[in-house]
Amino acid sequence: MKKLVLETTAPFQGLPELVADREGLFEKEGLQIEWVERESDDKSTHVNVNTPKGLNPFSSHGKMLEQGKADMYNACEWGNYCRVQETQVGSRQVGRRGIVTYAAIVVRPDSPVYTAQQLAGRKVGVPFYAGTHYLALHLLQGFLPREQINICNAPSGSRNRFNLMMNGELDATTLTEPYITLAEKRGCRVICSAFYHGTEVASDRVDAETYAAFNRAVREAVRRINADKKNYLHYFIDYHKAKDPEIGTLKPEDLREGRLVVVDPAPIPADELQRTYDWVKSWGMLGDTQSPLELINIQVQSHGHAAAQ
């Protein structure tokens, strides 16, 4: 058995991996999975911090890999471009993960905001370098000039940001499931929402053969989830309910099946790689990267996916 150490992942960003582990699919591929905790300790918000410049991109995702304590992690594709630019251990992206994450910008029930255009100048709390940070920029720039987009630094973890919004410290925030469902049950309004891709990042200890075995297990998990999505919605509740009893009040049928989208893991398409790189760079990031090809391990990505089919 080949041991593969993964950073912990929540269902909204890693359901196929969790299913593959629980249902013995990794083991069938000769992989022994070990999970290491990577949750951020910083639960504070900084309303005057409006840019990720100078902040640590490894405050949550990637921090265990950077310390040599993990072999792989998955996170949003945009943030991973920035992380591998800053890596001190030579990590690289090796392809897209199996889940396409759904997320939303949400406001309190008493908010005067009903449309994205009305968020001009208002404090929208996002976790910098995480997926909903970049998603908020994508969503809001369709309605507002960039100078009127007022994102601010809020902690990782939807529960933390939800509490800050409900306490009035934020005008709006970004959430993922199951917290979007919880927010709706509490009377909050979804202002805008979308899906986004994430990628796997691997250290140089992960070769193409190991990554192919990983992908074969994930592909089978994707097949099983797509065959019966209702049967896997409980993962979104079970993952959180021990630490968050309010999530335990939700039932799987409360969650919208259409928000769960899983696909076979695959290489990042070349045209999308370039467009994403250009867009992230337009927001003042990736200043030290001359080409998006510097951000991926082409050999492991191509062979690791081809051998998994």
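Colleague: Why is L286 called buried?

Modeller: In this predicted model, L286 has a relative accessible area of 2%. The term buried applies under 20%, so L286 is called buried. L286 lies in the loop between α10 and α11 (298–306).

Colleague: What makes the phi of L286 worth noting?

Modeller: Phi is about 65° at L286, a positive value, and L286 is not a glycine. Most residues other than glycine have a negative phi.

Colleague: Which value does phi take at Y129, and where is Y129 found?

Modeller: Y129 is likewise a residue other than glycine with a positive phi, here near 75°. Its place is the loop between β6 (124–126) and α5.

Colleague: How do you know whether Y129 is buried or exposed?

Modeller: The relative accessibility of Y129 is 10%. The cut-off for buried is under 20%, and therefore Y129 counts as buried.

Colleague: What makes the peptide bond from E177 to P178 notable?

Modeller: That bond is cis, with omega near 10°, whereas most peptide bonds are trans. P178 belongs to the loop between β8 (172–176) and α7 (179–185).

Colleague: How many disulfides does a search of the whole structure find?

Modeller: The search finds 0 disulfides. For C152, the nearest cysteine sulfur is that of C192, 15 Å away. A disulfide requires two cysteine sulfur atoms within 2.5 Å, so C152 is in no disulfide.

Colleague: Is C152 buried or exposed?

Modeller: C152 is buried, as its relative accessible area is 0% and the term applies under 20%.

Colleague: Why is the sulfur of C188 not bonded to the closest cysteine sulfur?

Modeller: The closest cysteine sulfur to that of C188 is in C192, at 14 Å, which is too far for a bond. C188 is also buried, with a relative accessible area of 8%.

Colleague: Why is helix α4 called oblique to helix α5?

Modeller: Helix α4 (residues 77–86) packs with helix α5 (residues 131–140) at an angle of about 120°, and their axes are 7 Å apart. Roughly perpendicular covers 65 to 115 degrees, and roughly antiparallel begins over 145; the angle falls between these ranges, so α4 is oblique to α5. Their crossing is right-handed.

Colleague: Which residues of α4 and α5 meet?

Modeller: From α4, W78, G79 and C82 are in contact with G131, Y134, L135 and H138 of α5. By class, the residues of this contact are 4 nonpolar, 3 polar and no charged.

Colleague: What makes α4 mostly covered?

Modeller: Of the 10 residues in α4, 8 are buried. Among them are E77, N80, Y81, R83 and V84, and also W78, G79 and C82. The elements against which the buried residues pack include β3 (72–76), β4 (92–96), β9 (189–196) and β10 (198–202), together with α5 and α10 (270–282).

Colleague: Why is α1 called roughly perpendicular to α9?

Modeller: Helix α1 (residues 11–22) packs with helix α9 (residues 234–241) at about 95°, their axes being 10 Å apart. Roughly perpendicular means 65 to 115 degrees, so the term fits α1 and α9. On the α1 side the contact is made by P11, F12, L15, L18, V19 and R22; α9 contributes H234, Y235, F236 and Y239. These residues divide into 8 nonpolar, 1 polar and 1 charged.

Key:
Residues are numbered from 1 along each chain as its sequence is written. This is a predicted model: local features need pLDDT of at least 70, side-chain atom pairs count only at pLDDT 80 or more; totals for chains, interfaces and linings use all residues. Side-chain values use heavy atoms; hydrogens and water are left out. Buried means under 20% relative accessible area, exposed over 50%, partly exposed in between (1.4 Å probe, protein chains only). Axes are lines fitted to C-alpha atoms, for helices over the stretch in contact, and angles run from 0 to 180 degrees between N-to-C directions. Helices (H or I, at least four residues) and strands (E, at least two) are DSSP runs, numbered from the N terminus. Angles under 35 degrees count as roughly parallel, over 145 as roughly antiparallel, 65 to 115 as roughly perpendicular and the rest as oblique. A crossing is left-handed if the near helix is turned anticlockwise from the far one by less than a right angle, and right-handed if clockwise. Contact means heavy atoms within 4.5 Å. Ala, Val, Leu, Ile, Met, Phe, Trp, Tyr, Cys and Pro count as nonpolar, Asp, Glu, Lys and Arg as charged, and the others, Gly among them, as polar.
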